[in-house]
Amino acid sequence: MGIKQPWHITKVSHDDQNARVDLYVAHDKGLRFPCPICNEFCSVYDHAPEREFRHLNVFNYQTFIHVRIPRVNCPRDGVQQIEHGLAESNGTVTYEFERMLIDLEQECSIGSVSRLLNVDWHLCQRIQERAVHRGKEAKGMQLPKHIGVDEKSFARGHKYETLIYDAEQGTVEGVVDKRDQKSLETYFERFSFKMRERVETISMDMWDPYIAATKALIPDAAKKIVFDRYHVTRIVTQAVDKVRKQEHRILMEQEIDVLKGTKYLWLWNEENIPDFRREEFEQLRSLDLNVCRARAIKDNLRNLWNYKSIGWIERFFNRWYFWATHSRLKPIISAAKTLKSHIDNILTYAKHKVTNAVGESINCKIEKMKRLACGFRNRNHYRTAILFHCGGLQLYPKRKDISMQILPA
Ligand SMILES: [Zn+2]
């Protein structure tokens, strides 16, 4: 049952109707316990009123431990309750039960855990919050050397959170409200100038508020910001989608519906087009469509990351830019101009070789978590869940061992 010295079971009762077991435990006699404040061993003065802790199930019976925790009368600190080693202070579940809840909450939503184990929803939520708090305390204040910044929508209706992650460890380090300049500044401001100076790269979206915040607070930011491949490609991919929409509208006016249901054929990389749609794609490609040209321009940009040196990347980009801006496709022209205006920090790629593999895998994890949870009751819960699932934190409670002294017989 995991019940260790000085505790022993004095009574067991079970209730078949409610599938419940109650264990009553008491401490061995003839022991002295340390005062929780000064650690001086004192003899037992009296016992606090009975408390009940939820413990691991016995078969499918919910199990509760009942205990009266001894109090000592310390000459210095007065009457104090001892460290009992059964649960976190103020906890209502044993260490073992809390660990199990943490394990389950990593696999299921809080709602499911609450239903499966018949534990109050709010308690499950509180345990998650406590686990994150504990993990953050243990980790301390650290600003990663290689940072990734991304936005994440919280709910429909354009509510966002800003995520700051460690691009090497793949852990989310901070989640702050909204995605404006203040959001990211709030995060950076937690760290000293010295710590901020040590940052080597920050990869992010071409999002002006983030750029401004980074320039304001990270020394030498201009050399450290990297617009990574994922974010660069996304801008051109969105432009391809706009071209498709416009062209589809014009074609439909002439009652031509060849572009109907083809959205993803233009967005997927060629190797990701499923086999059963390949023929359809080849056929579309043989038509003289704008979206086809837009896609070719997007595909060609992938070659940029094959070059190693700044000189070659720049030369490639200039050729690509000329092609894109002469395409007579407005969305593509405007995407190309956006890239051009940020070219300095796209070129930093050559120096830092930052990829966005980590950012994408965090993104996947969060999407999975959102699906499991079927939404969050508020932003705080959402933030806690992100750190719980993606923070790489040490979440388990640490058992405070109980020390004791045997009184001479
Ligand atoms: Zn004391």
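These notebook entries record what I looked up in the structure, which is a predicted model.

**Entry 1: salt bridges**

I began with charged pairs. Side chains of opposite charge can pair when their charged atoms come close. I found 24 salt bridges in the structure.

I looked up Arg20 first and noted its salt bridge with Glu52, where the closest N and O atoms are 3.4 Å apart. Arg20 lies in strand S2 (residues 20-27) and Glu52 in strand S5 (residues 51-58), so this pair ties together parts that are 32 residues apart in sequence. I then checked accessibility for both partners. Arg20 counts as partly exposed at 24% relative accessibility, and Glu52 is partly exposed with a relative accessible area of 40%.

I turned next to Arg379, whose side chain meets that of Glu161 in a salt bridge of 2.3 Å, N to O. The pair links distant parts of the chain, with Arg379 in helix H16 (residues 379-390) and Glu161 in strand S10, 218 residues apart. Are these two residues buried or exposed? I recorded both Arg379 and Glu161 as buried, the cut-off for that class being under 20% relative accessible area.

My third pair was Lys182 and Glu189, whose side chains meet in a salt bridge at 3.8 Å, N to O. Lys182 is partly exposed, with a relative accessible area of 48%; Glu189 is likewise partly exposed, at 46% relative accessibility. I also noted a network in which salt bridges that share partners join Glu88, Glu98, Arg130 and Arg134.

**Entry 2: the cavity**

I searched for enclosed space and found one cavity of 30 Å³ or more. The largest cavity holds about 40 Å³ of space. Which residues line the largest cavity? I listed Asp150, Glu151, Lys152, Leu163, Tyr165, Gly359, Ile362, Asn363 and Ile366. Strand S9 (146-155), strand S10 (159-166) and helix H15 (357-373) are the elements that give two or more residues to this lining. H15 gives the most, with four residues. I sorted the lining of the largest cavity by class and obtained four nonpolar, two polar and three charged residues.

**Entry 3: the largest pocket**

I then looked up the largest pocket, which has a volume of about 660 Å³. Its lining comprises 21 residues, of which Arg229, Tyr230, Thr233, Arg234 and Thr237 lie nearest the centre of the pocket. Helix H8 (229-253) and H15 each supply at least two residues of the lining. Which element provides the largest share of the lining of the largest pocket? I recorded H8, with nine residues. By class, I noted seven nonpolar, six polar and eight charged residues in the lining of the largest pocket.

**Entry 4: a surface patch and a loop residue**

On the surface I noted a nonpolar patch formed by Met1, Ile9 and Val12, which together have about 270 Å² of accessible area. I located Met1 in the segment before strand S1 (7-15). Met1 is partly exposed, with a relative accessible area of 49%.

Last, I looked up Arg190, which is found in the loop between helix H4 (181-188) and helix H5 (193-197). Arg190 is partly exposed, with a relative accessible area of 42%. I compared the position of Arg190 with that of Ile346: the two are 156 residues apart in sequence and 28 Å apart in space, C-alpha to C-alpha.

Conventions:
Residues are numbered from 1 along each chain as its sequence is written. This is a predicted model: local features need pLDDT of at least 70, side-chain atom pairs count only at pLDDT 80 or more; totals for chains, interfaces and linings use all residues. Side-chain values use heavy atoms; hydrogens and water are left out. Patches are made of residues with over 30% relative accessible area and no salt bridge: like charges are joined within 9 Å, nonpolar side chains (Val, Leu, Ile, Met, Phe, Trp, Tyr) within 5 Å. Accessible areas come from the Shrake-Rupley method with a 1.4 Å probe; for residues, only the protein chains shown count as cover. A salt bridge is a side-chain nitrogen of Lys or Arg within 4 Å of a carboxyl oxygen of Asp or Glu. Buried means under 20% relative accessible area, exposed over 50%, partly exposed in between (1.4 Å probe, protein chains only). On a 1 Å grid over the protein atoms alone, a cavity is a set of points where a 1.4 Å probe fits but cannot get out, and a pocket is an open set with protein on both sides within 12 Å along at least five of seven lines; lining residues have an atom within 4 Å of a point. Grid points are joined across faces, edges and corners, and a volume is the space filled by probe spheres set on the points. Ala, Val, Leu, Ile, Met, Phe, Trp, Tyr, Cys and Pro count as nonpolar, Asp, Glu, Lys and Arg as charged, and the others, Gly among them, as polar.
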